[in-house]
Amino acid sequence: MAHQDETGSSPQHRTTTVEQGRFCVARCTCGWRGPARRARSLARADAEGHGG
């Protein structure tokens, strides 16, 4: 089951983290997608770096 954490406050860049098996991926509503990470904290950091 996918788990989503929302970060960022800009309506143009709403980022979430989605679990895919053993990995977690950051995604954005603009179409951006971060690399697959084993650590959720790294995926969240990717999302914050993109939305910032």
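Before you click on anything, one term: a contact here means heavy atoms within 4.5 Å. What you have open is a predicted model, where local features need pLDDT of at least 70, side-chain atom pairs count only at pLDDT 80 or more, and totals for chains, interfaces and linings use all residues. Residues are numbered from 1 along each chain as its sequence is written, and side-chain values use heavy atoms, with hydrogens and water left out.

**Stop 1: the whole chain**

Start with a cartoon view. You should find one helix and three strands, in the order β-β-β-α from the N terminus. Both kinds of element are DSSP runs numbered from the N terminus: helices are H or I with at least four residues, strands are E with at least two.

Now switch on a surface. The protein chain exposes about 3,600 Å², and carbon and sulfur atoms supply 47% of that; accessible areas come from the Shrake-Rupley method with a 1.4 Å probe, and for residues only the protein chains shown count as cover. Of the 52 residues, 27% are buried. Buried means under 20% relative accessible area, exposed means over 50%, and partly exposed is in between (1.4 Å probe, protein chains only).

Among contacts between residues at least 6 apart in sequence, 10% join residues at least 24 apart.

**Stop 2: the β2–β3 hairpin**

Select residues 15–20 for strand β2 and 23–28 for strand β3: the two pair in the antiparallel sense over six bridges. Two strands count as paired if DSSP finds at least two bridges between them.

Walk along the pair. T15 sits opposite C28 of β3, and E19 sits opposite C24 of β3. Then go to the turn, where the hairpin has two residues between its strands and G21 takes a positive phi near 65°.

**Stop 3: A26 and F23**

Stay on β3 and pick A26, which lies in that strand. Is A26 buried or exposed? A26 is at 0% relative accessibility, so it counts as buried. Show what surrounds it: leaving aside neighbours within four places in sequence, A26 is in contact with T16, T17, W32, R33, G34, A43, D46 and A47. For a distance to draw, go C-alpha to C-alpha from A26 to T16: they are 10 residues apart in sequence and 5.7 Å apart in space.

Next, select F23, also a β3 residue. F23 has 34% relative accessibility, so it counts as partly exposed. Not counting residues up to four places away in sequence, F23 touches V18, A36, R37 and R38. The C-alpha atoms of F23 and R38 are 4.6 Å apart, with the two positions 15 residues apart in sequence numbering.

**Stop 4: the two cysteines**

Pick C28, still in β3, and add C30. How many disulfides does the structure hold? Zero. A disulfide is a pair of cysteine sulfur atoms within 2.5 Å. The sulfur of C28 has its closest cysteine sulfur in C30, 3.6 Å away, so the gap is too far for a bond.

Colour the two by accessibility. C28 is buried, at 10% relative accessibility, while C30 is partly exposed, with a relative accessible area of 43%.

Expand around C28 as well. Leaving aside neighbours within four places in sequence, C28 is in contact with Q12, H13, R14, T15 and H50. C28 and G51 are 23 residues apart in sequence, and 8.2 Å apart in space, C-alpha to C-alpha.

**Stop 5: helix α1**

Finish with residues 40–51. Helix α1 has 12 residues and reaches 17 Å from its first C-alpha to its last, close to the 16 Å expected at 1.5 Å a residue. The expected span is 1.5 Å times one less than the number of residues.

Which residues of α1 are buried? They are A43, D46 and A47. Turn the view to look down the axis of α1: these buried residues fall within an arc of 95°, so they line one face of the helix. The arc is that of the directions from the helix axis to the C-beta atoms. An α-helix has 3.6 residues a turn, so residues three or four places apart point the same way.

Rotate to the other side of α1, and you reach E48 and G49, which are exposed.
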